[in-house]
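I opened the model to note, entry by entry, what I looked up in it. The notes begin with the ligand and then move to the fold.

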Amino acid sequence: MSDVTEKVAAVYDPIIEEEKPSDNKSIAPADDEYMIRCENLVKIYKTDEIEVVALQGLDLDVKRGELMAIVGNSGSGKSTLLNMLGGLDKPSAGSLTVDGKNLLKFNDKDYMEYKRDTVGFVWQNNARNLVPYLSAVQNVELPMLLKGKKQRRKRALELLEKVGLSHRVNSRLDQMSGGEQQRVAIAIALANDPKLLLADEPTGSVDTKTSNMILDIFKALNESEGLTIVIVTHDVKLSKRIDRVVAIRDGRTSSEIVRKKSYAQELGEMGSIIGGAGEDEEDTHEELVVLDRSGRLQLPKDYMESLGIKGGDKVKVELDEETGKMFLFKSGE
Ligand SMILES: Nc1ncnc2c1ncn2[C@@H]1O[C@H](COP(=O)(O)OP(=O)(O)O)[C@@H](O)[C@H]1O
Ligand SMILES: [Mg+2]
């Protein structure tokens, strides 16, 4: 750029920004293929003198219209990641784009609008977004009221039907079972038509039957409305019914389990086999190790144990170009 154009740009830039205040936050068009793009995401919690690195350079991409799960041990950073995605907390470094918006550039107002318009959140402990002395339908209307939405009653009733609670619309929340309350919480999360639904251990405190029902609701919303859904779970049975499961270890994506056939495809084929196996079969999923953007990978813990190696050790890597396979040896072997 010449000196003159630089000066002209400097004069015009603020004006352009004033007219389109959100433009500097949109780094991708809204019709971009991805709903979530997380690159090298870092979150450090500072408490008094201790620093906890909850996310240590996490990469994750989720396409629009995808329903996927995140699994990992307690303390691996699942909730931290979900809170970043939900705009409840700010990343320390890295890049995070949701629906084409760069969350690292958000100010308080951007966060407020984002939480109100773009994402819906469901927690394990739903007490957080339910009002016990109001009826189910009143609870669902509440977020719409805050946004000034029209036809609230009609929309709230539709949502309660979607979560299978048409018969309970006028029941007070404190008269409903845990599973029913969780379904009201899902309807509340959907009240303002989010593009992305985030659920942190949504089936953590319900029985298997209810847990399956909740996943069925998520699947129906995903299929009929193309809603992008990210579910954090440690429920193995639940994750077996999901096509893409990403595992987090120590604040990084470590491996990814992909269904060889989609669950829907498998159910279709099972339909013709009476009493066919299916869900309990071992090889429905294939586990893949995820390389980060620089090509680094995290070896599965059990592989390291069986090789007798530990973090910090040096290993030998060989490539067999003919077969396209790579081999890893304990050094000296
Ligand atoms: N608000 C916080 N302040 C300090 N440390 C936190 C906070 N939230 C989470 N952590 C720490 O960050 C790490 C990841 O926690 P979390 O994301 O809750 O894991 P998960 O949901 O996988 O169990 C843990 O070591 C946890 O103790
Ligand atoms: Mg958690």
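Entry 1, the ligand shell. I listed the residues around ligand 1 in this predicted model, and the shell consists of Tyr 45, Thr 47, Val 52, Ala 54, Gly 72, Ser 74, Gly 75, Ser 76, Gly 77, Lys 78, Ser 79 and Thr 80. I then asked which elements give two or more residues to this shell, and found β1 (34-47), β2 (50-63) and α2 (78-85). The biggest contribution to the shell around ligand 1 is that of α2, with three residues. Sorting the shell by class, I got three nonpolar, eight polar and one charged residues.

Entry 2, the protein as a whole. I looked up the secondary structure and noted 10 helices and 13 strands in the protein. For burial, 30% of the 333 residues count as buried. I also checked the contacts between residues at least 6 apart in sequence, and 69% of them join residues at least 24 apart.

Entry 3, the four-stranded sheet. Following the strands, I found an open sheet of four strands with antiparallel pairing, in the order β2-β1-β4-β5. Each of the edge strands, β2 and β5 (101-102), has a single partner strand, so one side of each is left without a neighbour in the sheet. I looked more closely at one pairing of this sheet, that of β1 with β4 (residues 93-98), which is antiparallel and runs over five bridges. Within it, Arg 37 stands opposite Thr 97 in β4. For reference I note that strands of a sheet pair through backbone hydrogen bonds, either parallel or antiparallel.

Entry 4, a parallel pair. My next stop was β6 (residues 119-122), which pairs with strand β7 (residues 196-200) in the parallel sense over four bridges. The bridge partner of Val 119 in β7 is Leu 196. I asked which way the side chains of β6 point: Val 119 and Phe 121 go one way, Gly 120 and Val 122 go the other way, and all are buried.

Entry 5, a lysine. Is Lys 237 buried or partly exposed? I placed Lys 237 in helix α8 (residues 236-239), and it counts as partly exposed because it has 14 C-beta neighbours inside 10 Å, whereas 20 or more would be needed for a residue to be buried. I also looked up its separation from Thr 208, 29 residues apart from Lys 237 along the chain, and the C-alpha atoms of the two are separated by 8.7 Å.

How values were computed. Residues are numbered from 1 along each chain as its sequence is written. Chains are lettered from A and ligands numbered from 1 in the order in which they are written. This is a predicted model: local features need pLDDT of at least 70, side-chain atom pairs count only at pLDDT 80 or more; totals for chains, interfaces and linings use all residues. A residue is near a molecule or strand if its C-beta atom, placed from the backbone, lies within 6 Å of it. Ala, Val, Leu, Ile, Met, Phe, Trp, Tyr, Cys and Pro count as nonpolar, Asp, Glu, Lys and Arg as charged, and the others, Gly among them, as polar. A residue is buried if 20 or more other C-beta atoms lie within 10 Å of its own, exposed if 12 or fewer, and partly exposed in between; C-beta atoms are placed from the backbone. Two residues are in contact if their C-beta atoms, placed from the backbone, lie within 7 Å. Two strands pair if DSSP finds at least two bridges between them.
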